[in-house]
Structure formats: structure tokens, C-alpha cells
Amino acid sequence: MSDSPNDAPSAAARRDFIREMVAEDVATNRFGRPIATRFPPEPNGFPHIGHLKAIALNFGIAREFGGRCNLRFDDTNPTTEDVKYVEAFKTDLTWLGYQWDAELYASDYFEKLYAFAELLVENEKAYVDSQSEPQIRQTRGTVTTPGTDSPYRDRTVDQSLELLRRMRAGEFPDGAHVLRAKIDMAHPNMVMRDPLLLRIRHKHHYRQGDNWCIYPFYDFAHPLSDAIEGITHSLCTLEFKDNNDIYKWLVRECGFVHPPEQTEFSRLELDYTLFSKRKLLRLVNEGFVAGWDDPRMPTIAGARRRGVTPEALIAFVESAGVSRKPQRTELATYEHAVRDDLNMRVPRVMCVTNPLKVVLTNYPEGQVEELDASYYPHDVPKTGSRKVPFSRELYIERDDFMEDAPKKFFRLAPGREVRLRYGYFITCTDVVKDAKGEIVELRATYDPATRGGDSPDGRKVQGTIHWVSAPHALDAELRLYDKLFTIPDPDAVEEGEDFVSVLNPESLVVVKGAKIEPSVANDPAGTRYQFERTAYFISDAIDSKPRALVFNRTVTLRDSWAKIKNK
RNA sequence: UGCCCCCUCGUCCAAUGGCAGGACAUCGGUCUUUGGAUCCGAGAAUGGUGGUUCGAAUCCACCGGGGGCAACCA
């Protein structure tokens, strides 16, 4: 049965339909070489969580099957690309923990691609078309009607070759000619109706400078770049499905023997999120967000600044799975991945978002105690603690007090007793209000026997609340981030509206007067915490300063009280 | 309207002709010095109709639904 050593690995590797296929190809040595994948972004925007699915797949498969994975920039369009985006990809890939086997650029293949162009012309598989752009569009036909041949389709090899060389030499203005594959203008697959291969673009390229004035299209550059690199498995998203026909055609016509094979999988979609680079660029350019690394952006840089770890991001995209079904993942799946990761790694500290002063009337004036507070709860296998000062005047969360509290409210209320986390039991005795009737202060008594939070008489309290010592607390700015859009699918807007109309006006709420325990004073910017009972936060890598602390909310804690309250 | 892809709990993914299972979410309980986490439990799905087969989520046909393709973008 399982005597064959080949059985075990292929069974173990069976995780999704692509890995299954790769396992099969490895087992049969289909390509006659180790498997090779590539991550081929166009450097025209920042990498985002949608890219990460492709990244995790390509790098993951290479690693799992003993292959290699290239980072190749698909930089064939000089009008949209920029070196700052290639830097962003490299920075973020490194931060995520991926190492590419080679850093390559499609634009470095322009010379090779040009040679293939001449080869195709010589073999009568391509021709120079001199129709105008609108003419080309019109003669392509529609999805239901066939296209018609270009009058230039029957140019001789010599005529096309001469034109092609002059195109390269820069003798023609933009749009004067294009190189097209000679396939079938009536093909049922629109992509196969004599696809365009090369266009004239007198434009400075961020990497090639002015070396070229002809630039290849995706359908020309992409398959050949894969083939040149010896890629075995060219993995891409489903919208390129129709391009698979031209992919196969091209690598065959160009003479590759064991050419790469393209396989498509569905794109990642996330509720309340947009991944379209055009739209993200608009959010940045029109100031709806602070930049590509705004913590609300679905970019890797945004997630990083928001406090999400690489491990959480990767766990999330891997949990989303790989299939060919159009998928739309719930935000809760993402948030779970983030919390699940942070729970096990970050220290807990106390921060009061909306402070309400409490005076302990029976606590000696001027006395300060240093209470020992563990950084981690009992179920997290990490150790460490800090001292938190305790005094007569404290701040507690305004939401942790209710004057007329329902039975299920376990926190502070007149006459009720709660535990201060790591501190004492306190009982609320008085509510102090201002002239308008607003609660401005609470009076309470503490039980000296309950120091540290345990009652020697075995008395139980229902609630434990967080607090800070008023004279010792540090001021902090909290940036409370929430979903960027108000509806799960920001593209599903009314006629005449666009995604901008469903931006969430409360996607960022800045809280200036938060009070945090002094232990965090000298932690470096970029330190992650859980603020007990509220949310995970990270001190902002750019704006947080020792005397002006700024924290970004990564994700809230689950809040089962909110559910009870809303019933 | 042509071609192509897809359709399994609310969501995402399994089941490779043989007991429809897992994760997230939901609900209930346990535990708790975080209304966090943990642990236990529950409800929840094969789009429809036919066919092939001892046996169909799986194969076939038709119907229905969703998506992609008509940039000198990728």
C-alpha cells in the first residue's frame, strides 16, 4: 500500500487545488526541472492584503516543494510606474519575512522581447498594424460579433520587419503603429483577436530611462518573462483566465519546450475594504486618508502602522483559502486572525480612554503604593510584570460607571463594589455632579484587606475594571481606527454614486485626553500592547514621542457586554 | 447576445463515486483578577430538475444564479 516513499509527501501536500497540482507535477517531474514560481507585481501602487494572497501562495509553494520564487516587477507601462513602489514592495516583502531568490524586472527583458517580436514576424505570426486606436477598437468586434481583419494584416514579412525596426528606432510618433499577433479576428475569445504585442510610447521609464520607445503589453511580456526565467507554475488571479490562451500560444510560438503553465485562482476580497489600486490611489491623492500607510488602508504598510503583525496577516490570507470561487471574506475572519496573534504576544497595560475621577475617601492623603501587575494573563505563556502606582485619586473609564445600572451591569454603580485590576475592591459612595447635572467625580471607599485584588473573607465581586492613578497617569492621544467604509461592498453603491460616498466618517476618531499608566513612558515607538478590557494598540511609529504619546488602535477586544447591552 | 470560469452551513475552505467535516461568525454553558482568552455544547449547507450508478456534493444533460472578457492597463 504505502510502501512507495512517494505516497507520503503527496498526501501531506494536498491542501488546495494548486498545491495538489504542483505535488503531482513534482512527483512526475513534469517540467524536468525544480519547480519555480514568481511574484510579479506592477510597481504602480503599494502592496496590499490582496497581493499577500499571491505572495503567500507563490513563496509558500516554492518553499514547500523545494523550488524557487522570483520577485519580478512587471514594469512594462512607463506611464504609471515608479521606483518608490518597487521600494515599497521590497520593504514590505522583507517585513513580511519573505526572501526572493532573484530580483528581476520585466523591463530588463525588453531586448529579448524585441528579438521574439522579430522572430514572430519572420514566422508570419505577427504583423505591424497601422490602424488608429479607434479603428483597432472598432474592428475587434464585440462579444457577440466577430472582428474584421486589419487592411495591414497581409503585409509581407519584410514590410512588417522594416516597420518594426523603425518603430524601435523611434521614427514614428505614439500610436502610429503597433505590433499584433496574427491569430484570428473572429476568435470567440476576445483576447485572441490579434492581440497587441508592442506599442510606441515616447516616455521616460523609471528604470530604462529613454532607452526604449516601444513597450510590450502584458500579454506579450508576461508569458515570455515567465518562460525566460524557467518558471514552472505561473499563478495568477481569475481575471486573467482568458489570457491563458494567448499565454499558451505565445510560449509555443516562441519555441519554449517545457513552458510554464498558468493557473488561476480567485482574488481575495474583504468586507468593508477595497483593493483596487486605482481607487486606493484616489483615496491617497484626494486626501481621504493620510497616505499609503494610513492605518485604515488595506496596504501592508497601513496594517503595519496599525499594529498588525506579519504573522497575523499571513495567517489570515492562508485561512482565506485558495479556490476558483469568487470569494468575499467577512471582516470578522480578519479580526480574529489579528487578535489571535496579538493575544499570545503583547503585554497588557492599563489606559483609560474617557476618564472619570474617583476619590477614595478612606485612602490616606499623599500615600502612594507600587502595585505589582503582571504583563500577561495566566493563559499566556510569557512572564514579566511592572509596578503601577496607586493613590487616593484615580481615573476609571466613564463607561464603567452607571448611575442607574441594570442587574447585568457588573461594573461600578452607587453602592456597588468592584475590583480595581491588580488593586483593591472599592465601593462607590457618592456621585458628584456639576450645575448641568453631569457626573464629574465619584467618591468611593476602598477595602485595605483586598490589596492585589483578593478578598481574605472570600467575598466575590462581579466586575473588575481598569484604572490609572490620577497624579501619575500620562496623557495620551488615541487614534481609534474603524472600517473605512460603511457597507460591506464599497463598490455596491447607488447609481451615480461612487465608493467615496460610502466612506465611514468615523473611520478615525481621535481621543486627546486619554490617561495611561506611566510604565509605557520610555517604550520605543512601535511597541504593541493590549490596553486591558478595550483593544490592542501600537504606539505610532512616526508621531509618538516620549512626552506626546500617540497610540493607534489595531483592533478592539471582543465585547460581549456590548451584545448584552444591545438586547 | 459569443466564449470562459464558478455555485457545499451566514462567511471561507474540505470531502478526489462510499458516514457532508473544519475554521470564523451566531447562540447556550464553563471558567475567569480583562464581560479578553480558554474549554464544552448547539443550531446551521450540497441552487433546481432529470439521468448514469448498488451508491452522486462529486459524473452527464437541461434550467437557474454569480463572475470575467470588447484599454495602445495589468
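**Close-up views of RNA strand B and a four-stranded sheet**

**View 1. Polar contacts to RNA strand B.** The side chain of Arg201 places an N or O atom 2.8 Å from a phosphate oxygen of RNA strand B; a polar contact is a pair of N or O atoms within 3.5 Å. A polar backbone atom of Val322 lies 3.3 Å from a phosphate oxygen of the strand. For Glu532, an N or O atom of the side chain is 3.4 Å from a sugar or linking oxygen of RNA strand B. This is a predicted model, in which local features need pLDDT of at least 70 and side-chain atom pairs count only at pLDDT 80 or more, while totals for chains, interfaces and linings use all residues. Residues are numbered from 1 along each chain as its sequence is written, chains are lettered from A and ligands numbered from 1 in the order in which they are written, and side-chain values use heavy atoms, without hydrogens and water.

**View 2. The surface near RNA strand B.** There are 72 residues around RNA strand B, and Glu20, Ala320, Ser323, Gly452 and Gln530 come nearest; a residue is near if one of its heavy atoms lies within 4 Å of the strand. Of the strand's atoms within 4 Å of the protein, 62% belong to sugar or phosphate, and the rest to bases.

**View 3. The open sheet.** Four strands form an open sheet in the order E4-E5-E6-E7, with antiparallel pairing. Two strands pair if DSSP finds at least two bridges between them, and strands (E, at least two residues) are DSSP runs numbered from the N terminus. Strand E4 (126-129) and strand E7 (214-216) are the edges, each pairing on one side only.

Methods: Polar contact = N/O pair within 3.5 Å; in protein donor to acceptor, adjacent residues only side chain to side chain.
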